[in-house]
Every structure is written in structure tokens, then in C-alpha cells.
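Subject: Structure handover

Hello,

Here is the structure you asked about, followed by notes on what turned up in it. Please read the notes with the structure open.

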Amino acid sequence: MTRDYFPLAPRYRLDDESPWLQGIDPSRRYWIDVNSSPAHRVSVEGLVVADFDDFKQTILGFRSLVRGEKMQVERICNALTIHCLGENCYAIEGEVAGAPVWHLFDRESLESLLMTAHPDWQCAPKDVDLGRRMLMRSWESAIAA
């Protein structure tokens with residue numbers, strides 16, 4: 001295992017001075033600059049629901065998490081796992097430069113991100129391009145060797 005690169009995911013807050021949230025694409029992926037560095041921009045799977053009842057149940061489930069519990073939210077291709085680490089500290093599993101990380105959020109920040117799953121939410125026009133970039137990258141990847 002190489003120790004040349006050691007990414008740390010900071011605790012993201014809505015009132016951070018350093019910009020970390022670059023946008024939320026139409027498929028509810030959260031585009032985050034790790035350590036506020038555009039060189040380490042990642043997309044974190046977000047919450048997607050079928051209807052308002054699913055939305056309500058998921059938000060209530062999130063609000064009821066206590067320290068040590070985790071919540072698995074299934075998506076079409078993968079899942080979003082939220083860990084409650086403490087009274088005001090939550091983590092979403094992710095990967096940065098091939099290394100597993102936990103992106104840490106306070107309650108207000110993570111709940112704000114989850115609210116974008118509301119059926120009436122629409123992404124900002126500038127954020128549509130974030131999803132397009134991910135799609136373009138997937139077309140450049142080989143499926144089988």
C-alpha cells in the first residue's frame with residue numbers, strides 16, 4: 001500500500017468559508033471538492049425516491065438515526081450508506097483517488113442535501129453539465145478487457 005497520497009475528507013458544513021459543494025446534478029449526485037480542492041472533485045451518490053411517501057419515510061429514518069446506526073438507501077446501480085457517528089456528525093461512504101473515505105457532514109448540511117430528493121426539486125441549470133461529464137467519462141471506460 002502506498003502512502004504517497006493520503007486524502008482526508010473534512011466535515012462539510014453549510015456555513016463553511018471554503019466552497020465544497022459544486023452542485024447537485026439531475027440524478028441527485030452531490031459534486032464535492034474534497035478539502036475544497038477542484039483537483040479532487042468527486043460525486044457522491046445522493047438520495048433518489050419514487051414518490052413523496054418514500055421521501056418522507058427516508059427523511060424520518062435519517063432523523064431517527066442515533067450514534068452507531070447506519071442507513072442504507074438503495075439506488076438503481078448502487079447504494080448510499082449514511083452512518084450516524086454522533087449527535088451532529090454523519091458520514092457518507094465514498095472513494096477518493098481509489099481510497100475509501102467517509103465524507104463527514106453536520107446534520108443540517110446532510111439533511112439539506114437529502115432534501116433535493118423531493119419530487120418537486122429541480123437542479124440548477126448549470127448543474128446539468130455535471131451529470132453530462134460523468135456520462136462522458138463512463139463512455140470512455142472499457143467495460144471488458
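Strand β5, residues 70-74, has side chains that alternate between two faces: Met71 and Val73 point to one face and are buried, whereas Lys70, Gln72 and Glu74 point to the other and are not. The general rule behind this is that side chains in a regular strand alternate between the two faces of the sheet. Please keep in mind that this is a predicted model.

β5 is joined to strand β6 (residues 79-86) by 5 bridges, and the two strands run antiparallel. Together β5 and β6 make a hairpin, with 4 residues between them. One of the bridge pairs is Gln72 with Thr81, the latter in β6.

Overall layout

The protein has 145 residues, of which 38% count as buried. It contains 3 helices and 8 strands, and along the sequence these follow the pattern β-β-β-β-α-β-β-β-β-α-α. Among contacts in the protein with a separation of 6 or more, 48% are between residues 24 or more positions apart.

The three-stranded sheet

An open sheet is formed by 3 strands in the order β2-β3-β4, with antiparallel pairing. Which strands stand at its edges? They are β2 (21-24) and β4 (41-44); each has a single partner strand, so one side of each is left without a neighbour in the sheet. On average, neighbouring strands of this sheet are turned by 20° against each other, direction ignored. In general, strands of a sheet pair through backbone hydrogen bonds, either parallel or antiparallel.

Strand β3 (residues 30-33) is connected to β4 by 4 bridges, and this pair runs antiparallel. Two of the pairings can be followed by residue: Trp31 has Ser43 in β4 as its bridge partner, and Asp33 has Arg41 in β4. Both of those β4 partners, Arg41 and Ser43, belong to the uncovered face of β4, while Val42 and Val44 make up the covered face.

Two loop residues that touch

Arg28 is placed in the loop between β2 and β3. Its phi is near 65°, a positive value in a residue other than glycine. Arg28 has a relative accessible area of 15% and is therefore buried, the cut-off being under 20%.

Thr116 lies in another loop, the one between α2 and α3 (128-140). Is Thr116 buried or exposed? At 6% relative accessibility, Thr116 counts as buried. Leaving aside residues up to four places away in sequence, Thr116 touches Ile24, Arg28, Tyr30 and Trp121. Arg28 is thus one of the residues that Thr116 touches.

A second positive phi

Ala97 is not a glycine either, yet it has a positive phi of about 50°. Ala97 sits in the loop between β7 (89-96) and β8 (99-105). With a relative accessible area of 63%, Ala97 is exposed, because the cut-off for that is over 50%.

The helix pair

Two packed helices are described by the angle between their axes and the distance between the axes. For helix α1 (residues 52-63) and helix α2 (residues 107-114), the axes come within 11 Å and cross at roughly 170°. That makes α1 roughly antiparallel to α2. On the α1 side the contact involves Phe55, Ile59, Phe62 and Arg63, and these meet Arg107, Leu110, Glu111 and Leu114 in α2. By type, the residues of this contact divide into 5 nonpolar, no polar and 3 charged.

Cysteines

How many disulfides does a search of the whole structure find? The search finds 0. Cys84 is in no disulfide, and the nearest cysteine sulfur, that of Cys89, is 8.2 Å away. A disulfide would need the two sulfur atoms within 2.5 Å.

As for accessibility, Cys84 is buried, with a relative accessible area of 3%. Cys123 is buried too, with a relative accessible area of 18%.

Regards

How values were computed: Residues are numbered from 1 along each chain as its sequence is written. This is a predicted model: local features need pLDDT of at least 70, side-chain atom pairs count only at pLDDT 80 or more; totals for chains, interfaces and linings use all residues. Side-chain values use heavy atoms; hydrogens and water are left out. Buried means under 20% relative accessible area, exposed over 50%, partly exposed in between (1.4 Å probe, protein chains only). Axes are lines fitted to C-alpha atoms, for helices over the stretch in contact, and angles run from 0 to 180 degrees between N-to-C directions. Angles under 35 degrees count as roughly parallel, over 145 as roughly antiparallel, 65 to 115 as roughly perpendicular and the rest as oblique. Contact means heavy atoms within 4.5 Å. Ala, Val, Leu, Ile, Met, Phe, Trp, Tyr, Cys and Pro count as nonpolar, Asp, Glu, Lys and Arg as charged, and the others, Gly among them, as polar. Two strands pair if DSSP finds at least two bridges between them.
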